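Here is a friendly walk through one protein chain, for someone who knows the bench better than the backbone. Have a look at the sequence and the fold, then read on.

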Amino acid sequence: MAPRLATLESKTIGLIDNRKRYSDVSLDHLQTLMRVKYGVADFRYYLKCVATPEEIMDSIIADCDAETLAVAV
């Protein structure tokens, strides 16, 4: 597990959408909150079905400082 970031300010955050109902809405609200409250600089958006494919995980590791997953039902 990666160490916790000291701050989210000026960071790039990966958002993984599990394609469940309203997961996109949840992530949209999260983006707004993280920009305003924590100063996040940018987001990368990823879609997944069952498990996150290895190539997407590799991209997240290379391009993002942190990531979060929307789990909606």
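## Starting from Q31

Q31 sits in helix α1. Keep in mind that this is a predicted model. Is Q31 buried or exposed? Q31 counts as buried because its relative accessibility is 18%, and the cut-off for buried is under 20%. Setting aside residues up to four places away in sequence, Q31 touches L15, F43 and Y45.

F43 is a good next stop. Without its neighbours within four places in sequence, F43 is in contact with I13, L15, Q31, M34 and R35. So which residues make up the largest nonpolar core? There are six of them: I13, L15, L27, M34, V40 and F43. Two elements, β1 (12–17) and α1 (23–38), each give two or more residues to this core. Another core, of five residues, lies apart from it, and Y46, I56, I60 and C64 are among its members. As general background, nonpolar side chains in soluble globular proteins tend to be buried together.

## Helix α1 and its two faces

Helix α1 is made of 16 residues and reaches 21 Å from its first C-alpha to its last, close to the 22 Å expected at 1.5 Å a residue. Its buried residues include S23, L27, Q31 and M34. Why are these residues on the same side of α1? Because they cover an arc of only 85° around the axis, they share one side of the helix. The face turned away from that buried side carries exposed residues, namely H29, V36 and K37.

D24 is also found in α1. D24 is partly exposed, as its relative accessible area is 44%. Leaving out neighbours within four places in sequence, D24 is in contact with D17 and Y45. Recall that Y45 is touched by Q31 as well. From D24 to R44 there are 20 residues in sequence, and their C-alpha atoms lie 13 Å apart in space.

## Backbone angles worth a look

Most residues other than glycine have a negative phi. Where does this chain take a positive one? The table gathers three places.

| Residue | Location | Phi |
|---|---|---|
| S10 | segment before β1 | positive, about 65° |
| Y22 | loop between β1 and α1 | positive, about 70° |
| G39 | just after α1 | positive, about 70° |

Neither S10 nor Y22 is a glycine. How much of S10 is accessible? S10 has a relative accessible area of 57%, so S10 is exposed. Y22 counts as exposed too, because its relative accessibility is 51% and the cut-off for exposed is over 50%.

The loop that holds Y22, between β1 and α1, also holds K20. K20 is partly exposed, with a relative accessible area of 44%. K20 and K48 are 28 residues apart along the chain, and their C-alpha atoms are separated by 9.9 Å.

## The largest pocket

Finally, turn to the open space on this model. How much space lies in the largest pocket? The answer is about 320 Å³. Twelve residues line this pocket, and P3, R4, L5, A66 and E67 are the ones that lie nearest its centre. Which element gives the largest share of the lining? Strand β3 (residues 66–70) does, with three residues.

Definitions and conventions: Residues numbered from 1 in each chain as written. Predicted model: local features only at pLDDT ≥ 70, side-chain atom pairs only at ≥ 80, totals over all residues. Heavy atoms only, no water. Core = buried A, V, L, I, M, F, W, Y, C linked by side-chain atoms within 4.5 Å. Buried < 20%, exposed > 50% of the residue type's maximum accessible area, 1.4 Å probe, protein only. Helix = DSSP H or I, 4+ residues; strand = E, 2+ residues; numbered from the N terminus. Contact = heavy atoms within 4.5 Å. Expected span 1.5 Å × (residues − 1). Arc of directions from axis to C-beta. 1 Å grid on protein atoms, 1.4 Å probe; cavity = no way out; pocket = protein on both sides within 12 Å on 5 of 7 lines; lining within 4 Å. Points joined across faces, edges and corners; volume = space filled by probe spheres on them.
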